[in-house]
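Please open the model in your viewer and keep the sequence panel beside it, since each stop on this tour begins with a selection. The stops are meant to be taken in order.

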Amino acid sequence: MDLRIKTFEEYQEQYKKSAEQPEVFWSEIASQFSWKKNWDITLEWNFNEPKIEWFKGGKLNITENILDRHLAGNANKTAFHWEPNDPFETSKSITYQALHDEVCQLSNALRKIGIQKGDRICIYMPMVIESIVAILACARIGAVHSIIFAGFSSQALADRINDAQAKVVITSDGLNRGNKQVELKSMVDAALKNCSSVNHCIVLNVTNTKVNWESNRDLNYHSLIENEEKNCSAEVMDAEDPLFILYTSGSTGKPKGVVHSCAGYMIYSAYSFQNVFQSDKNDVFWCTADIGWITGHSYIVYGPLLSGATSVLFEGIPTYPDAGRFWEVCEKYKVNQFYTAPTAIRSLMGFGLDFVNKYNLSSLKVIGSVGEPINEEAWDWYHTNIGKKNCPVVDTWWQTETGGIMLSGLGNLSPMKAMHAGFPLPGIQPVLLDAEGNVIHENEVEGYLCIGFPWPSIIRTTYGDHERCKNTYFSNYNGYYFTGDGAKRDKQGMYRIIGRVDDVINVSGHRFGTAEIEDAINMDLSVIESAVVAFPHDIKGQGIYAFVVVENSDVKTDVELTNSIIDCVSERIGKIAKPDKIQIVNGLPKTRSGKIMRRILRKIAEGERSNFGDTSTLLDPEVVEQIVDKAL
């Protein structure tokens, strides 16, 4: 199944066809996959409810396209090279046949403990092959998987388990991260004290850590599967049945469970993988993301496996045992396509070129960036020192909600421009809107980035709350999917993403709603209220700046208050969301109606000390001067 476009002229032809005849275009691509029953209607949709149905009436199972279809010709091909956190430990590889067998064993075991089609299973695991097995076993039997990043706290884990009403949690005793071990099972134990829906917790032994064991609930992974058959009938799924829920932060309230469907997500993740990375059948692909994020879903698990690719699965971090680890792994496996985040690039830049130059990176064909806009300095360093100016940089833009890459170069086929994601993939119809919702047709313009037509992997709903899906993505501008990002379009028609226009902060490629962090800060007993904004950060892209009003600042020192607040955020969300700067203030700039004027706080966080525009609507303008005087 080769879905690749081969020339830029072909891209232009295919893009035109996808815009003029989208149903014909996607039907031709979908027909290259294995179906149990062909679809009756290619697309029915409206953005008002919203309701989007692709390949309506079609029946399939995504794991038959991932595993079974490859066994005839590629059973012994490597699916993953697993590289451990510690380079002195033994790496291992798994073939498509072996992956198929273990997926079937776990699938059979899950059915035996009562899991049925439609049940939800939460996966809270490190970057090990068994994590991939767990994901595919869920899909094999029609269970809906929800992967939760193993950096989230027990409270954040419990929130997601309860929202999904999961029946099973799959986890491990712990995980290895740099020179530390993190106890995962104890986090799960704490979470499950408040999760009545969970019947079983399946535990994989990774770190040989002694764990608490609930005999009526906990099951050992290897004991569970060791006597199971290596064949398992795949559940027949409707094209629109949910494949997974992935929680992502919004600008308000609790994290929302983004739901993706079986067929549409399958088709688009494979199509985008093959075209953006231009992966040949014998290439080795490496995406450095965690499987707990959408990048890991689409470009570690589904896209590469659907395409029969060989990938690297990396347990560690880029700076352990030193800052050459990424490049050492690239040399070891002769990686051809490398996909990482600007945060990692900026971090590694600071260690100098000695850690790069000792390794042979000549195997690289395409290098990619994901998670946030990449600044020009990082782009140049990446292109020059990693790609040796021979590799195209694919600066990809997409979201959890889009399921796959939307704007990007296609390997070496497309024009390339620093800080520009580039052109839309075929099937993607972006527009720029002005503040009134009018389409801006000209180039050399800036506006709100929206999409005017559905693509196969578009979000279907937010789990258990369809109204929230409608209000978040489809109500801002009638007839459009609103991305929440601002963008510029140059004279060639290439897009550059400017950043979020709503109250979402992008920290190292991970999105956090300001309300979510504020709620966690406000859990501290000393805190009356808080306001969180983003500020430019040299490594993370955006940092978190918290302005906090406390009840009695004399009771604790500023250091004690700061540490207490950080503890609250770490416990409620996880250390990845802790504020970089915390300023204790006497009050917040509010309008007479009580609304916090965040634009002023953003300017202060960015270093501005005057020129705040019209402050006449503030209840107490002197608050601004007080904040500026003590700004960090």
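This is a predicted model, and the tour begins with a pair of strands. Select strand E24, residues 481–489, together with strand E25, and you will find that five bridges join these two strands, which run antiparallel. Within this pair, colour Arg489 and look across to Tyr495, its bridge partner in E25; then colour Lys488, whose bridge partner in E25 is Arg496. Follow the chain from E24 into E25 and you trace a hairpin with five residues between the strands, and in its turn sits Gly493, with a positive phi of about 95°. Before leaving E24, show the surface around this strand: eight of its nine residues are buried, so that the strand is mostly covered.

**The sheet around the hairpin**

Next, extend the selection to take in the sheet, in which four strands stand in the order E21-E22-E24-E25, with antiparallel pairing, and form an open sheet. The edges are strand E21, at 430–433, and strand E25, at 495–500, each of which pairs on one side only. If you look along the sheet, neighbouring strands are turned against each other by 45° on average, direction ignored. Strands of a sheet pair through backbone hydrogen bonds, so showing the backbone atoms is a helpful choice of display here.

Now which residue in E24 is the bridge partner of Ile451? Select Tyr481, which takes that place in E24, and note that E22 and E24 pair in the antiparallel sense over six bridges. On to the next pair: strand E22, residues 445–451, is joined to E21 by four bridges, and these two strands also run antiparallel. Here Ile451 appears again, since Pro430 stands opposite Ile451 in E22.

**The cavities**

Hide the cartoon for the next stop and turn on a cavity display. How many cavities of 30 Å³ or more does the structure hold? There are three of them, and the largest contains about 90 Å³ of space. To find the largest cavity, select Val393, Gly409, Pro415, Met416 and Ala421, which lie nearest its centre among the 16 residues of its lining. Then add strand E20, residues 393–395, which supplies the largest share of that lining with three residues. Coloured by class, the lining of the largest cavity shows eight nonpolar, six polar and two charged residues.

For the second largest cavity, with about 50 Å³ of space, select Ile147, Ile148, Phe149, Phe152, Arg160, Leu246, Tyr247, Gly292 and Trp293, which line the space. By class, this lining divides into seven nonpolar residues, one polar and one charged.

**A helix residue and its contacts**

Move now to helix H2, residues 22–30, and select Glu23 within this helix. Is Glu23 buried or partly exposed? With a relative accessible area of 37%, Glu23 counts as partly exposed, because the value falls between the limits of 20% and 50%. Leaving aside residues up to four places away in sequence, Glu23 touches Thr42 and Leu43. Draw a distance from the C-alpha of Glu23 to the C-alpha of Gly427 as well: the two are 9.6 Å apart in space, although 404 residues separate them in sequence.

**Backbone details**

The last stops concern the backbone, and two of them are cis peptide bonds. The peptide bond from Glu49 to Pro50 is cis, with omega near -10°, and Pro50 is found in the loop between strand E1, at 41–46, and strand E2, at 51–56. A cis peptide bond also joins Tyr320 and Pro321, where omega is about 0°; to find Pro321, look in the loop between strand E17, at 310–314, and helix H11, at 325–333.

Stepping back to strand E2, select Phe55, which is found in that strand and has a phi near 55°, a positive value in a residue other than glycine. Phe55 has a relative accessible area of 0% and is therefore buried. Finish at Asn208, in the loop between strand E11, at 200–204, and strand E12, at 218–220. Asn208 likewise has a positive phi, of about 60°, although it is not a glycine, but its relative accessibility is 63%, so Asn208 counts as exposed.

How values were computed
Residues numbered from 1 in each chain as written. Predicted model: local features only at pLDDT ≥ 70, side-chain atom pairs only at ≥ 80, totals over all residues. Heavy atoms only, no water. Pairing = 2+ DSSP bridges. Axes fitted to C-alpha atoms, helices over the stretch in contact; angles between N-to-C directions. 1 Å grid on protein atoms, 1.4 Å probe; cavity = no way out; pocket = protein on both sides within 12 Å on 5 of 7 lines; lining within 4 Å. Points joined across faces, edges and corners; volume = space filled by probe spheres on them. Nonpolar A, V, L, I, M, F, W, Y, C, P; charged D, E, K, R; others polar. Buried < 20%, exposed > 50% of the residue type's maximum accessible area, 1.4 Å probe, protein only. Contact = heavy atoms within 4.5 Å.
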